[in-house]
Amino acid sequence: MRHALSLAERAIGLTDPNPRVGCVIVAADGRLLGQGHTQAAGQAHAEVMALRDAQARGESVLGATAYVTLEPCAHHGRTPPCCDALVAAGLGHVVVALEDSNPQVAGQGMARLRAAGVQAEWVEDPALSTAARELNLGFLSRMQRGRPFVRMKMAASLDGRTALENGVSQWITGPAARQDGHAWRKRAGAVLSGIGTVRDDDPRLDVRLVDTVLQPLRVIVDSRLEISPAARLLQPPGQVVLCHALESLEGHATAVALLEKGAELISLPGPGGKVDLPALLDELGRRGINELHVEAGHKLNGSLLRTGLVDELLVYLAPLLLGPGRELAALPALSQLDQAQRWQWQECTPIGEDLRLRARPLRD
């Protein structure tokens, strides 16, 4: 199963909106017969790839055991059910790390395997189930909540500054942290930022520093549609969605120029003339976005945090003290400590000269 999980990791940046799955088929003596991971949407899933690999090796899988990181699908989507492929191939035993939360599967894959006489069981080691869940947090979030898993990335000094008072922020962290940040971008179906960051930094928000097959959708919160048509993020590769709060775009010259650039404009008006952020997440869920990677300024960060929409903080901490400057997030002043948002650490890892910290909300 650990090897199957390592195969599933190879599906990052490839399979969205499908989950990342690995499969290993072994003989009774433990000999590897076939292996594979899920391919791009519409192409073969992990189980079929492993069966094809066994066939290419000239190996019989009759009575063999398959280790799969996610419950084999039981429905006809872009491809036929994987549980049927395992049954047809004559597998005798299937071990699965995690149940598929897709309502079209959700235990039905295991039930169909058992009904066909295959010994199907869940993996016993909870650490392996946890690893499979971590690989597919976004897919599970979309299946269970209808919205993506939201990861907010920030780079800051030891005193919590993301930029100097004059807005200069390049570069607080070192090259290793920047490359690592692109690896996390690669995991995401979409990257979210705000008009303030676009104006200040003119970012591209694509994946460049690591190899990837897919480029994330670039989503910008721009309530009054003030973005310049010359902004770098409007250039290839990848698609751009601009979310505004305007009721009508009639006579809006910038809107015409943006549409000519290939951007998609969607109106999501919320209170106070701002974009409705919960509605935005729902819209991204409908579009099949599993993980949303936020790289924004303190205002949008604060809005997302205040509304409880952030599932994970990804903070790169540099060994610098900057003094007065821009904060991580614009949050309201508190009168008591027990009003503070509570988070729990997931990780603290040195990345080059910096630290990578990950935390998730401590929820009741």
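**Exercise 1. Contacts and overall form**

Find what share of the contacts between residues at least 6 apart in sequence joins residues at least 24 apart.

*Solution.* Start with the term: a contact means heavy atoms within 4.5 Å. Among contacts in the chain between residues at least 6 apart in sequence, those joining residues at least 24 apart come to 70%. Before going on, please keep in mind that this is a predicted model, where local features need pLDDT of at least 70, side-chain atom pairs count only at pLDDT 80 or more, and totals for chains, interfaces and linings use all residues. Residues are numbered from 1 along each chain as its sequence is written, and side-chain values use heavy atoms, with hydrogens and water left out.

Next, take the secondary structure: the chain has eleven helices and 16 strands. These are DSSP runs numbered from the N terminus, with helices (H or I) of at least four residues and strands (E) of at least two. The radius of gyration is 23 Å, close to the 21 Å that the globule rule gives for 364 residues, so the chain is as compact as a globular protein of that length. Here the radius is taken over C-alpha atoms, and the rule is 2.2 Å times the number of residues to the power 0.38. Along the principal axes, the C-alpha atoms fill a box of roughly 65 × 50 × 35 Å.

**Exercise 2. Burial, surface and charge**

Work out what percentage of the 364 residues is buried, and how the charged side chains are placed.

*Solution.* Buried means under 20% relative accessible area, exposed over 50%, and partly exposed in between (1.4 Å probe, protein chains only). By that cut-off, buried residues make up 51% of the 364. The chain exposes about 16900 Å², of which carbon and sulfur atoms supply 51%; these areas come from the Shrake-Rupley method with a 1.4 Å probe.

Now the charges: there are 38 positive and 41 negative side chains, and the centres of the two sets lie 2 Å apart. Lys and Arg count as positive and Asp and Glu as negative, while His and the chain ends are not counted. Each charge is placed at NZ of Lys, CZ of Arg, CG of Asp or CD of Glu.

**Exercise 3. The site with His 45**

Decide whether His 45, Cys 73 and Cys 82, listed by UniProt under "binding site" (unreviewed entry), gather at one spot or lie scattered.

*Solution.* First, the list: the record names His 45, Cys 73 and Cys 82. They span 38 residues in sequence, yet no two of their C-alpha atoms are more than 9.2 Å apart, so they gather at one spot. A caution on the record: UniProt positions are given in the numbering used here, feature names are shortened, and annotations may be inferred rather than shown by experiment.

Second, look at the surroundings. His 45 sits in the loop between strand E2 (32–37) and helix H2 (46–56), and counts as buried at 18% relative accessibility. Beyond residues up to four places away in sequence, His 45 touches Asn 18, His 37, Thr 38, Cys 73, Thr 79 and Cys 82. Cys 82 lies in helix H3 (82–89) and is buried at 2%. With the same sequence neighbours left out, Cys 82 touches His 45, Glu 47, Pro 72 and Cys 73.

**Exercise 4. The loop between H8 and E9**

Compare Leu 205 and Arg 208: which is buried and which is partly exposed?

*Solution.* UniProt's "binding site" annotation (unreviewed entry) covers Arg 185, Leu 205, Arg 208 and Glu 295. Leu 205 is in the loop between helix H8 (195–201) and strand E9 (217–221), and Arg 208 is also placed between H8 and E9. Leu 205 is buried at 3%, whereas Arg 208 is partly exposed at 39%. Leaving aside neighbours within four places in sequence, the contacts of Leu 205 include Arg 185 and Ile 220, and Arg 208 touches His 182 and Arg 185.

**Exercise 5. Backbone geometry**

Identify which non-glycine residues in that loop have a positive phi, and where cis peptide bonds occur.

*Solution.* Most residues other than glycine have a negative phi, and most peptide bonds are trans. Asp 202 has a positive phi of about 45°, and Leu 205 one of about 60°. Cis bonds join Asp 16 to Pro 17 and Pro 236 to Pro 237.
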